[in-house]
Amino acid sequence: MLRVQFANDQEKLRDLANLMNEQSATPMMVTDDLLYVIDAALVPEEVEFLLEMGGGRLSRRQVEANVSLPPEDFDRVLGALLDKGQVAELQAGPGEEGPILHVMSLFPGWFELFLMRGSETPDRKEFAKRLSKFFSMAREIPADVLNAVMQDTAPHRAIVLASPSNPELIAVDEAVPAPVNEIHPAHTVMKILEDLDDDEILVAGHCFCRQQRKMDDDPCRLHLPEQACISVGPAAEHLLARGIGRRISKQEAIDLVKEVEEKGAVHQIGKLMPLKDFDSKYEVEVICNCCWDCCGVLGNYNRGNIPFLLKSYYVAEMLDAEACNECGQCELYCPVGAIALTNGGVAEIERDTCCGCGLCASHCPEEAIQLRPLEREVFLPVLAPSQRRVA
């Protein structure tokens, strides 16, 4: 990385990144470039607080015993860390003295929570700009090398290989599955929402990726709403308690999915709080309504920064080529460039590239395209400069 000035002690940041990795079901590789991104979000007293606090599920009384601060400073620093997402407040379990405090994982984890509030403070803007540079560093690696490295790895973890100066791997003493991105068509997401109890807590927060791009002066080209990230259950309760998002009804969540689908959103589901010792109420904690432009994985793929590895459950097929009216809507909405009009004007789908999002089928006015169930992993190699959707 370039020689830069850190606001925090670099070795303490490294210790903190390692601590956060120890909490995570999906640890990241720690590099100097990653530490520089983290540096933008914290001040020295916050770093000290987190290191003294330590990992695992801790009662407030335990944290007070670990952290050497007078009460008024303790409350101030803890409040800032809760609001910024570096610390989560969890419900107490059987035999625990609540509230339970927990240092968050890195990414996914507090990176998302840090921007989901929608605040555009100087530290968040600097964080956003450093993160964009961090993502783009992957271009420094030859495409064939990056493709080979990522072939059996999940996108978020592979992003940090962009500049592996002095990397550190954290031993977690157990098998860690790669967090492959899961893409689902709208009808699957609708079913998830419809099956929830009517009084289930649902929260809409700012899309981390869209907010990050916006603060780096690169706003969403699809003009999707900013508060388009839907959280469910205990994860949603935490966001609501900290004022990070707003509560919405089940019907509002369904209407939001319909709205963003119409504008070209791709639906990804996963865990908002991927802590090793956090018991989720649902398999799905967050529904991300992403686009080919802003998304940390889709957007960086379309910029030619990284390959894209995803789990898909469907594949698009041309149902009736004669019904195709050559409108090109399917080609326009496809987030991975898997569809193109042939010289004859008929849409042709590259089966191996299709991510199964269903946008082509939902936007085809002639209903000439269908989704066929097919569970598979899709690997899309780094795009050549001439293929990039965003320069």
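Leaving aside its neighbours within four places in sequence, which residues is S24 in contact with?

## S24 and its contacts

Set those sequence neighbours aside, and S24 touches S105, P274 and K276. This is a predicted model, so read everything here as computed from that prediction.

As for where S24 sits, look in the loop between α1 (10–23) and α2 (32–39). Loop or not, S24 counts as buried, because its relative accessibility is 2% and the cut-off for buried is under 20%.

## Aromatic pairs

Let's turn to the rings. The model holds eleven aromatic pairs. One of them joins F111 and F127 in an edge-to-face arrangement, with 5.2 Å from centre to centre and 85° between the planes. F111 belongs to helix α6 (residues 106–116) and F127 to helix α7 (residues 122–136), so this pair ties together parts that are 16 residues apart in sequence. F111 is buried, with a relative accessible area of 0%, and F127 is buried with a value of 0% as well.

Another pair to pull up on screen is Y301 with F308, which is tilted: the centres are 6.2 Å apart and the planes make an angle of 40°. Y301 and F308 are both buried.

## A ring cluster

F111 and F127 also show up in a wider group. Ring pairs link them with F107, W110, F114 and F208 into a cluster. Two of these names come back below: F127 and F208 take part in the contact of α7 with α11.

## Where α7 meets α11

Helix α7 crosses helix α11 (residues 208–215) at roughly 100°, and their axes come within 8 Å. A crossing angle from 65 to 115 degrees counts as roughly perpendicular, so that is the label for α7 and α11.

Who makes the contact? On the α7 side you'll find R124, K125, F127, A128, K129, L131, S132 and F135. The α11 side brings F208, Q212, R213 and M215. Sorted by class, the contact of α7 with α11 has six nonpolar, two polar and four charged residues.

## Arginines over rings

Two arginines are worth a click while you have the structure open. R130 lies over the face of Y36, at 3.7 Å from the ring centre. R389 does likewise with W292, lying over the ring face at 4.1 Å from the centre.

Methods. Residues are numbered from 1 along each chain as its sequence is written. This is a predicted model: local features need pLDDT of at least 70, side-chain atom pairs count only at pLDDT 80 or more; totals for chains, interfaces and linings use all residues. Side-chain values use heavy atoms; hydrogens and water are left out. Rings of Phe, Tyr and Trp (its six-membered ring) pair if their centres lie within 6.5 Å; planes under 30 degrees apart count as stacked, over 60 as edge-to-face and the rest as tilted. Helices (H or I, at least four residues) and strands (E, at least two) are DSSP runs, numbered from the N terminus. Buried means under 20% relative accessible area, exposed over 50%, partly exposed in between (1.4 Å probe, protein chains only). A charge sits over a ring if NZ of Lys or CZ of Arg is within 6 Å of the ring centre and within 35 degrees of the ring normal. Axes are lines fitted to C-alpha atoms, for helices over the stretch in contact, and angles run from 0 to 180 degrees between N-to-C directions. Angles under 35 degrees count as roughly parallel, over 145 as roughly antiparallel, 65 to 115 as roughly perpendicular and the rest as oblique. Contact means heavy atoms within 4.5 Å. Ala, Val, Leu, Ile, Met, Phe, Trp, Tyr, Cys and Pro count as nonpolar, Asp, Glu, Lys and Arg as charged, and the others, Gly among them, as polar.
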